[in-house]
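This report walks through a two-chain model. Keep the sequence and the structure open beside the text.

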Amino acid sequence: MRRNLSGASAALIPILAIAMPSTALASTTASSTSVHPGTIGSVWTTTWNGVEQPEGEDEEDLVIIDEGEGEEPPAEEGGGEAPVDAGADIGLDLDDDTDSGEPLEEGGSEELGTEEDQIKAEKGLISVVQRQRMLKKKRFELMPQFGITVNDPYVRHYTIGLDFNYWLNNRMAIGLTGTGLIGARTPRYDNIRFQEGLLLTANRTLWQGSVNFTYNPFYGKIAIFNRALLHWEGSLVVGAGGLQTQVIPRFEALHEPFSTVTGGGHFGLVGRFYAPKIDWVSFNFGVRSWVYADKLEPINRGPDTDIFASTGNGDNPDLVNPDNAKAESDFEVAFNVTFFLGVSFFLPTAFDYTTPR
Amino acid sequence: MNTRKLATFLAAFMATGVGAGAFANEAHAAKKKGPLEGEPIVRKKIQLRKFRFQLTPYVGMSLSQPFVHMGYAGAKATFHFADWIAVRGTFGYGVVPLESKLLKAINGGGLPPGYAPGTTDPDLPVNEDNPDATVCQGLSNCRNNGNVDNPAPLLHDFRAGLVRAQWQASVDAVFTPFAGKLGLFSAIFTEYDIYVFGGLGLVNYTKHYDDQSTSQANGLSEDLSDAAFCQDPALGNAQNPECLLHPVSADEGVKVGGSFGGGINLFAGVPWVSINFEIQDIVNRVNLAGLNTTVDDVPPRVNGSDRDVFHNVTFQLGARFYFPFKAKRSE
């Protein structure tokens, strides 16, 4: 957790200390907090990675990242009072003379009689340290997805899959992935056949299934035209499992394909974007790269079988049988890189913050 | 009857519209404007791009070439009129050509090489009565008897037509709607932005090999309207079968197309340099192998209809430098 406070923020530390006698101050001081003199009255400003700005440009500094959300609150020091209710807002009222320090319900459930009261309440919703947008700890995630393979110019797969994850904490998850693939030769394959008179050896993948481990080290915000803020996270995923491939016969009119069930591993990246007010959905994109052992169609499986018996050259007639062809083929390393889009649904659909705002 | 229906519909529509309008007005009257409504979400935001010139030397590699992968070195020059919009020019020159696995397979026996001029066909026994009958005439390799039925061109004809993307350039409008902060392992925090771009792209294709086609080597006419079309003096003015059936025309030159893509800048702790990752796709029409693809021209010819849409996708990694070094802040 890293928080740099300044300006109005600096003036708020005593307020926070009053409102949260133990937890807030402890969590603030436990981090690499740095307090800079600044301009009272600015709402908040961005920081430049801790690099001090010259005098006159020091309307610094605030990193609005709270990595500690979702974790257990720090231990009480000196037997302090229990933390305030999870999810409650600690009001940050910029009108110093009217500051009451009273928490406000998120969404403003108080009776707001006058416009002045409403403005005051909305100002109270301005927080110095924003909480992490989505907490995933002890939640299930179901992510239907569809994608396209991008690494093979000769066979293109369209994929439909489902990820099922259980988040051990906000950073790590274990899960299962199942993907069905629909593969077909690309125009590039046919182009080479027409131009060079060559028939390429290629396989299509039928399905993939794996057990995964997800680690979520990236967290960020995106300002969209500086008018809207979107939170996102990035995950690294590794997994291992099985898949089935099928050869695309070079001479489809003559030969039946054979399939191979094999094993492999994968690694990838997943980005999750969270909608502003929905606690159970994220919109995702990702890249998953499988590395596996695969059997390709033997090169001497073809129509020129006449001279094989006499010379040993040409195509082996025994390989017309797909089982024989499969037995003749050796395993080779293959890759399958899929770019996918998905939507995650989190269960339970709501979560509670364990640290105060 | 129809008139009554129409009148009923219009009345219902108007009633609904009036009702909705009244409701909207009522809702509008009830809603009070908040103090932050319409305000930027970040004040005093450091404007890392606005009115700054950016120079990005980069290295790149092609991702989609079937025959010759290319490593590029180049630069991009960008100027942002606002934090979110810019124009730029790019240029990358191919400095490291790498032959693909497919091209290596073609060179390694995928296409028949034929037999050399002045030598006899290895697939045929020597004719004692006429030893010159199977000697390859002319100045280019000849097709051996075992490959007469092979629809593939001879290797030297393929090599004569093969082109590679030697350099590429583009002029683009750059759109940067996303900018923010990124935390990595709770230890590294940096500014970043994500952008997309689109514009005009140019790709210059040059021959990958110096090989000459059968027609070029033997000085044969490839003009269909010419009476001497593919007539080979070395064959007694008979038509050379390679010239006739496997025409070659390397599709060299600059091809114009569309350029689009996206990228990300990760600032390196200071506001005047960032690490730039980018995927660029320049789409144009080209015939990479310079061979005939279509089946509706008899005899086969290489022309514009043999070109197909091709995506020159490159991944680029660069360091982006911002001028002036200091960025201003928003209000």
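## A helix of chain A and its cover

Gly197(A) has a positive phi of about 65° and sits just after α4(A). This is a predicted model: local features need pLDDT of at least 70, side-chain atom pairs count only at pLDDT 80 or more, and totals for chains, interfaces and linings use all residues. Residues are numbered from 1 along each chain as its sequence is written, while chains are lettered from A and ligands numbered from 1 in the order in which they are written. Helices (H or I, at least four residues) and strands (E, at least two) are DSSP runs, numbered from the N terminus.

Helix α4 of chain A covers residues 187-196. Its buried residues are Tyr189(A), Asn191(A), Ile192(A), Gln195(A) and Glu196(A). Seen down the axis of α4(A), they fall within an arc of 160°, so they line one face of the helix. That arc is taken from the directions from the helix axis to the C-beta atoms. A residue is buried if 20 or more other C-beta atoms lie within 10 Å of its own, exposed if 12 or fewer, and partly exposed in between; C-beta atoms are placed from the backbone. An α-helix has 3.6 residues a turn, so residues three or four places apart point the same way.

What covers this buried face? The cover includes β5 of chain A, together with α2, α3 and β11 (308-323) of chain B.

## Strand β3 of chain A

In a regular strand the side chains alternate between the two faces of the sheet. Strand β3(A), residues 140-149, shows such alternation. Glu141(A), Met143(A), Gln145(A), Gly147(A) and Thr149(A) point to one face and are buried. Phe140(A), Leu142(A), Pro144(A), Phe146(A) and Ile148(A) point to the other face and are not buried.

β3(A) pairs with β4(A), residues 155-167, in the antiparallel sense over nine bridges. Two strands pair if DSSP finds at least two bridges between them. Five residues separate β3(A) and β4(A), and the two form a hairpin. Pro144(A) has Leu162(A) as its bridge partner in β4(A). β3(A) also runs antiparallel to β10(A), residues 331-347, with eight bridges joining them. There, Phe146(A) is partnered by Leu341(A).

## A buried loop residue in chain A

Asn170(A) lies in the loop between β4 and β5 (172-185) of chain A. Is Asn170(A) buried or exposed? Asn170(A) counts as buried because 22 C-beta neighbours lie inside 10 Å. Asn170(A) and Lys136(A) are 34 residues apart in sequence, yet 5.1 Å apart in space, C-alpha to C-alpha.

## Chain B and the largest core

Chain B has five helices and 12 strands. Of its 331 residues, 35% count as buried. Residues 24 or more positions apart account for 69% of the chain B contacts with a separation of 6 or more. Two residues are in contact if their C-beta atoms, placed from the backbone, lie within 7 Å.

The largest nonpolar core has 26 residues. Leu111(B), Phe158(B), Leu162(B) and Leu288(B) touch the most other members. In chain B, β3 (68-80), α2 (101-110), α3 (155-161), β5 (163-184), β6 (188-207) and β10 (273-286) each supply at least two residues of this core. A nonpolar core is a set of buried Ala, Val, Leu, Ile, Met, Phe, Trp, Tyr and Cys residues joined through C-beta atoms within 7 Å.

Not counting residues up to four places away in sequence, Phe158(B) touches Glu196(A), Ile106(B), Leu111(B), Pro153(B), Ala289(B) and Leu291(B). Glu196(A) is one of the buried residues of α4(A).

## Strand β11 of chain B

Strand β2(B), residues 53-62, pairs with β11(B) in the antiparallel sense over eight bridges. Met61(B) has Phe315(B) as its bridge partner. β10(B) is also antiparallel to β11(B), and 14 bridges join them. Here Val273(B) is partnered by Phe321(B).

## Backbone exceptions

Most residues other than glycine have a negative phi, and most peptide bonds are trans. The bond from Leu347(A) to Pro348(A) is cis, with omega near -5°. Pro348(A) is in the segment after β10 of chain A. Phe323(B) and Pro324(B) are also joined by a cis peptide bond, with omega about -5°. Pro324(B) lies in the loop between β11 and β12 (328-329) of chain B.

Cys230(B) has a positive phi, near 60°. Cys230(B) is buried, with 24 other C-beta atoms within 10 Å. Asn237(B) has a positive phi near 65°. Asn237(B) is exposed, with 10 other C-beta atoms within 10 Å.
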